[in-house]
Amino acid sequence: MHECLARPQPAALAAAQLTIKRPYDRGYLVNFDLEREIWGRSMRSVLKVNPADVGLLMTEPMFNFPSVRAATEQIVFEELGVSSFYSAPAPVFSMHRAAQLWPSIPANQVGSASRSTCHSATHIR
C-alpha cells in the first residue's frame, strides 16, 4: 500500500494502491495522530503560516465527548501551538450569523444533518 498526505502522486500509481484514512468518523475526531499531521502540514506547508501567529476556529459535533474535546485542545495548544482556539457545534455559528442579519427576530432554529445524525438547535434571545 502507498501512503500520502495531500501530496500529488505519480499518474502511474493505481487507485488500488491507495489507502484512504479519515481522522473523523461520524463527525467525531477519532484519529488524533492523522489530524495532527494534517493540521501541521496545512499550516506550515500549504498556508505557510506559523501556528503561533494564527487562531483556529473549528466546528464540532453536537454533544461532543469531553474526552475528544480535551484531546483536541491538547493537540491545538500544546503540540501545534496556535495562539487561540474556539470550537462549537455548527448551529452555534449559524445562529450567531442569523442574529446579526435579522436582529428583530426573537428566535432562531437551525437544523444540522449528516449521514448518521440529525439535530435541531433553538436559540431564543
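**Close-up views of a predicted model**

**View 1. Helix 1 and its buried residues.** Leu-34, Glu-35, Trp-39, Gly-40 and Met-43 are the buried residues shown in helix 1. This is a predicted model. Strand 1 (24–25), strand 2, strand 3 and helix 2 are among the elements that cover these buried residues. Helix 1 is 15 residues in length and reaches 20 Å from its first C-alpha to its last. That is close to the 21 Å expected at 1.5 Å a residue. Just after the helix, Lys-48 takes a positive phi of about 55°.

**View 2. Helix 2 and its cover.** Val-68, Ala-71, Thr-72, Ile-75, Val-76 and Leu-80 are buried in helix 2. Their cover includes strand 2 (28–29), helix 1, strand 3 and strand 4. How far apart are the end C-alpha atoms of helix 2? They are 20 Å apart. The 15 residues should span 21 Å at 1.5 Å a residue, so the two values agree. Gly-81 comes just after helix 2 and takes a positive phi of about 80°.

**View 3. The largest nonpolar core.** Nine residues make up this core: Trp-39, Met-43, Leu-56, Met-58, Ile-75, Val-76, Leu-80, Val-82 and Phe-85. Helix 1 (32–46), strand 3 (55–60) and helix 2 (66–80) each give two or more residues to the core. Which element gives the most? Helix 2 does, with three residues. In soluble globular proteins, nonpolar side chains tend to be buried together.

**View 4. Met-43 and its contacts.** Met-43 belongs to the largest nonpolar core and is buried in helix 1. Setting aside neighbours within four places in sequence, Met-43 is in contact with Lys-48, Val-49, Pro-51, Val-54, Leu-56, Leu-80 and Val-82. Among these partners, Leu-56, Leu-80 and Val-82 are also members of the core. Lys-48 is the residue with a positive phi just after helix 1.

**View 5. A salt bridge within helix 1.** The structure holds four salt bridges. One of them joins Asp-33 to Arg-36, with the closest N and O atoms 2.7 Å apart. Both residues lie in helix 1, three residues apart, about one turn of the helix. An α-helix has 3.6 residues a turn, so residues three or four places apart point the same way. Asp-33 is exposed, because its relative accessible area of 54% is over 50%. Arg-36 counts as partly exposed, at 26% relative accessibility.

**View 6. Glu-60 and Arg-69, with a linked network.** The side chains of Glu-60 and Arg-69 meet in a salt bridge, 2.9 Å from N to O. Is Glu-60 buried or exposed? Glu-60 counts as buried, at 10% relative accessibility. Arg-69 is partly exposed, with a relative accessible area of 30%. Elsewhere, salt bridges that share partners join Asp-33, Arg-36 and Glu-79 into one network.

**View 7. Asp-25 and Arg-26.** These two residues form a salt bridge, their closest N and O atoms being 3.0 Å apart. Asp-25 is partly exposed, with a relative accessible area of 33%.

**View 8. A nonpolar surface patch.** Which residues make the patch of about 290 Å²? Leu-57, Tyr-86 and Val-92 make it. Tyr-86 sits in strand 4 (residues 84–89). At 43% relative accessibility, Tyr-86 counts as partly exposed. For the protein, about 8,600 Å² is exposed, and carbon and sulfur atoms supply 58% of it.

**View 9. Thr-122 in strand 6.** Thr-122 lies in strand 6 (residues 118–124). It counts as partly exposed, at 49% relative accessibility. Leaving aside neighbours within four places in sequence, Thr-122 is in contact with Met-95, Asn-108 and Gln-109. The C-alpha atoms of Thr-122 and Pro-91 are separated by 8.9 Å, although the two residues are 31 residues apart along the chain.

**View 10. The fold as a whole.** The protein has three helices and six strands. Along the sequence they follow the pattern β-β-α-β-α-β-α-β-β. Of its 125 residues, 26% count as buried. Among contacts with a separation of 6 or more, 52% are between residues 24 or more positions apart.

Notes. Residues numbered from 1 in each chain as written. Predicted model: local features only at pLDDT ≥ 70, side-chain atom pairs only at ≥ 80, totals over all residues. Heavy atoms only, no water. Patch = residues over 30% accessible without salt bridge, like charges linked within 9 Å, V, L, I, M, F, W, Y side chains within 5 Å. Areas by Shrake-Rupley, 256 points an atom, 1.4 Å probe, with all protein chains shown as cover. Helix = DSSP H or I, 4+ residues; strand = E, 2+ residues; numbered from the N terminus. Buried < 20%, exposed > 50% of the residue type's maximum accessible area, 1.4 Å probe, protein only. Core = buried A, V, L, I, M, F, W, Y, C linked by side-chain atoms within 4.5 Å. Contact = heavy atoms within 4.5 Å. Expected span 1.5 Å × (residues − 1).
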